[in-house]
Each structure stands twice: as C-alpha cells, then as structure tokens.
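This report describes a predicted model. It takes up the empty spaces, the sheets and the helix packing in turn.

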Amino acid sequence: MTALWQQKQVEIATNGHGLNGDNNWQASGISIDSRTITNGDLFIALVGDNNNGHDYIKMAADNGAVAAMVDQKHAKKITSPPIPLLIVKDTTQGLTDLAKAARSRSKAKIIAITGSVGKTGTKEALALVFNKIGKCHATIGNLNSQIGLPLTLARMPANTDFGVFELGMDQPLQISRLSMILRPDVAIITTVAPVHMQFFKDITAIADAKSEIFKGLVKGGVAILQREHPLFHHLHLNANDYGVEDSNIISFGAHIDADVRLEKYSMDQNHSQIKAILNNKSFNNKIVEYDLGITGIHQIINSLAILAVIAKISYDNTDAIKILKTIKPLQGRGKFSKIKIANGNGNGNNIIFSMIDESYNASPIAMRAALKTMSNHKISNDGRYIAVLGDMLELGKDSKKIHINLVNDIIKNKIDLLFTTGADMAYLSAAMAKKIKTLHANDSASLIKPLINTIKFGDIIMIKGSLGSNMRVIVNALLRLDKAANCNGQKEQNNAI
C-alpha cells in the first residue's frame, strides 16, 4: 500500500490527536462516504444536514478504512472504536486543513477552472494532456463544491506534477473560499452566463463571483479570460484588483486582440482542425495548427484556453498539443452517435440517423452553442435537423423570457422539427408553432414514442436540457434502438453461419 498520508502528518495538518494506544497508521486514500471506502482509506466523518458520518464508522471499518477522523463532541460517545480515531475540533475544517497541507507539500503546477459553462470539458482536456506528460491529479466528476474541492485536493499525492481543479458555485463567496484553499498558479474563467440567477442581481454579479477565483492566485499567477466576452474588461479589472498584473492576464478567443487567437477552423462529425496564433510577446507570436477530437465552435474556443495553459506552463508544447486530437466528448456533453433502427419503415429497410447527446445540462449560452453545432453538421439525403429540448433551470424570474428568446436561434440554425418538454419550454414551443412543426410534452419520457415515430433516414437529432429535465431517458431510448438493431443483425449473422 502506497501511503498518501501518515498518521503524524494528518495530526500536524489538522491539529488533531489520536487515542492512547492507537497504531501508527497510514492511509492510501481519503473518503467521506462509508459505502465507497476502499482498503486503506482514512474515513472523514462529516456532519451534514441529513447524515452524520459518525453513525457509519463501523461500516467504514468493515469496508477497509484504516482510521476515522471524528470531532471532539462525537468522540466522547464512541466507547469501543473499531478502527483508530483521529480527533479534531470539527471534521469539515479538518478536511480543509488536510487539503491545505496537501497543497503546501506539493510542487505541482495547479490550474483552477471555473465558468458558467465549459469548465468540466476544459478540466478533462487539460487532465488528459498533463497525464501524458507528467503525473496529473484532477477533479473527478463534479467534485467541485465546498466539500468536493477540499476532498479532491486532500487526495493529491505529494509527487504530483500537475493539478487540475474545477471550482463550482451557485452563490457569492463560494469560489473565494475554494480559491484560497487551492492557491492556484493559473486561474481560468471559461465564460460567464446568466445561470443560477435566483442568487444574483445580474450577470455582472455572476462575473464578480467567478472572479473570486483570482483571490487565491499565488504571486505571479496567471489569469486566463475569454476575449470576446462582453464583460472581458470588467473581468480584467477584477483580476487587477486581486493583484494579477496585466502581463499575466492571457486572453483567448476569435477576437482580433486575443493573446491566443483563433485564425481559422473546420469541422467534420467528430473532429475539428484549428489554426491559432499565439499573439503575445511571451509566446513569440507563434502559429499553431492542431486537431481537436471534438466539434462545436464553443469547444474550439475553449481549446484555446487549454492552448494558453500549455503554452504558459508546459515544458513540451509540441507533444502536449498533439494530445488534443485524442480528446473525446463526455457523455451528455456533445457526444455524436450514428444510430440504426432495424426495419424502421416496416419494409425491411434500416433507418440510420445521427444523435448529438447534450443531455447533461443546459444554459442559454450552451443551448445556443449546441444548436449552432448541430447546424454545422451536414445532413444527408432528405434528413432534417430535429431539436429535442428540455427546460433550462435556475434562470430566475426571467426564465420564461429567456426560453422564448431561443426563437431566433431555432430559425437561424434552420431547425426543421422541435420537440420540447418542461414548463418554460412550453412557451418556446408555442412561439415556434406557426413557424415549424413542434410537439410539447409535460415530461421527457412522453416525447420518446412520437420522436421515434418521426425519425427518417439521415436525420440529425440534438437532445439538450438541464439535468433536472431528465433528457437522458430520451438518449437512452434512442441508444436502445441501435443496440436492438445490432443484436438483430448479430442473430441473422449467427443463423447464416
């Protein structure tokens, strides 16, 4: 077992102490969930609104935990602990202290990423690149919260070369706290959009909350911003206010003044070819041409932020840039699939169509980008562009208006058919009813049958909505069609043999 933390290290980091007679344990991992403990983990018993980790110490021990971090109040009630205890004043603070200790002992270059959209894809791409050129530790899934980020940082091995961390928020001051724990060398804001509006006065307030990522930047740290964003200058000034020098603010995008500027691009179904100019003295105005394993102008723009990080801190730009070709879209975030419906028209012929899975989440800016990406794919024969859209959630009092404002994007991107679900998408459906064929349902599952009955050969279907809209059930239903068609084909092949 490789030790991530020794008992004495944890005690020093958290100002905690063990009970008399406890073994000098060492932990190979950190966990806050007794159900997912692996052998060698230190279990941190957090106290939440609905669950108290101190109630699950025995389960953690049974699943292989070597020790448990507990608070003083609960330690008094544990008479016969099944594993050694490390006692701290507060376990949430103990986790934070351990995260800070992990940061202090590491020489890794730390990259922090936030943004209304694009942060997870950017994080995954950077992690892919840095894993090829060194030892990289990155946020897993969406562990980007007030608990998730400290947990991820506490799990970072001491010999890490690169750390890539996603910072999420839905209210002011959350990112500020995370940034101070993380103390990044590089901070990226992918973009700012009107999401979580119930907690903010306007989009400028969201920009200010995102700018909190600069608070924890180390001295000489780098801020990376999207140049064409309407609030670029506001974000730039915010970075200055947090102590970031102008020379360490790197902009990216298609804007003529961007430090990492998109010169031109082309796309097919699964790849993008990009030419960019590193238009900055520190980059020597270098021209870079590279392939990207995903499509969509929003993905291409975000790849420029990745390029900026590589150019700023990577010791081998050429090899790192080549890795971008291997990036693949994440589930629910733009994955493109060809799907076959066996005997789809009842006369023995198969129907083959394309699906773009954008079901993981949605915001106005991401919805517009997804519609544009779909329209950039060429349809074959008599195929059509079909948009299947669920509600964009957490948009506040203007949600109805924001949904209706997608009308121009539907028309501009030449969408042929519109399927919608959710209370606010009903308004968009009504607004489009006299322009194109539409169908609205109160829940996503009710769209499955009419959608399948509508599909023709060559159609391109894009499915998108906030996670709470449950658009994944539609994606799964279409994927099952392809699985059934392939299974039938396999049976026919076996019978022929």
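The largest cavity holds about 120 Å³ of space. A search of the whole structure of this predicted model returns one cavity of 30 Å³ or more. Its lining consists of 15 residues, and those nearest the centre of the largest cavity are Ile294, Thr295, Pro329, Gly334 and Phe336. Two elements, helix H10 (297-313) and strand E18 (351-358), give two or more residues to the lining of this cavity. By class, the lining of the largest cavity comprises four nonpolar, nine polar and two charged residues.

The second largest pocket has a volume of about 380 Å³. It is lined by 14 residues, and Ile32, Asp33, Arg35, Leu46 and Asn51 are the closest to its centre. The lining of the second largest pocket is made up of six nonpolar, six polar and two charged residues.

The table gives the two spaces with their volumes and the classes of their lining residues.

| Space | Volume | Lining by class |
|---|---|---|
| Largest cavity | about 120 Å³ | four nonpolar, nine polar, two charged |
| Second largest pocket | about 380 Å³ | six nonpolar, six polar, two charged |

Strand E18, named above for the cavity lining, also belongs to an open sheet of six strands with mixed pairing, in the order E17-E18-E22-E19-E20-E21. Strand E17 (335-341) and strand E21 (437-441) each have a single partner strand and stand at the edges, so one side of each is left without a neighbour in the sheet. On average, and with direction ignored, neighbouring strands of this sheet are turned by 20° against each other.

Within the six-stranded sheet, strand E19 (residues 385-390) and strand E20 (residues 417-421) run parallel and are joined by five bridges. Ala387 stands opposite Leu418 of E20. Helix H12 (residues 364-376) lies across E18, E19 and strand E22 (460-464), and its direction is at about 170° to E22.

A further open sheet contains nine strands, ordered E9-E10-E8-E11-E12-E13-E14-E15-E16, and its pairing is likewise mixed. Which strands stand at the edges of this sheet? They are strand E9 (136-138) and strand E16 (286-292), each of which pairs on one side only. From one strand to the next, the twist averages 20°.

In the nine-stranded sheet, four bridges connect strand E11 (residues 186-189) with strand E12 (residues 222-226), and the two strands run parallel. Ile189 has Leu225 as its bridge partner in E12. Helix H9 (residues 232-241) packs on this sheet, where it touches E11, E12 and strand E13 (249-253). The direction of H9 makes about 170° with that of E12.

The remaining topic is the packing of one helix against another. How are helix H1 and helix H4 arranged relative to each other? Helix H1 (residues 7-14) and helix H4 (residues 91-105) pack with their axes 8 Å apart and at an angle of about 110°. Angles of 65 to 115 degrees count as roughly perpendicular, and H1 and H4 are therefore roughly perpendicular to each other. On the side of H1, the contact is made by Gln9, Val10, Ala13 and Thr14, while H4 contributes Gly94, Asp97, Leu98, Ala101 and Arg105. Four of the residues in this contact of H1 with H4 are nonpolar, three are polar and two are charged.

Methods. Residues are numbered from 1 along each chain as its sequence is written. This is a predicted model: local features need pLDDT of at least 70, side-chain atom pairs count only at pLDDT 80 or more; totals for chains, interfaces and linings use all residues. Side-chain values use heavy atoms; hydrogens and water are left out. Axes are lines fitted to C-alpha atoms, for helices over the stretch in contact, and angles run from 0 to 180 degrees between N-to-C directions. Angles under 35 degrees count as roughly parallel, over 145 as roughly antiparallel, 65 to 115 as roughly perpendicular and the rest as oblique. Contact means heavy atoms within 4.5 Å. Ala, Val, Leu, Ile, Met, Phe, Trp, Tyr, Cys and Pro count as nonpolar, Asp, Glu, Lys and Arg as charged, and the others, Gly among them, as polar. On a 1 Å grid over the protein atoms alone, a cavity is a set of points where a 1.4 Å probe fits but cannot get out, and a pocket is an open set with protein on both sides within 12 Å along at least five of seven lines; lining residues have an atom within 4 Å of a point. Grid points are joined across faces, edges and corners, and a volume is the space filled by probe spheres set on the points. Two strands pair if DSSP finds at least two bridges between them.
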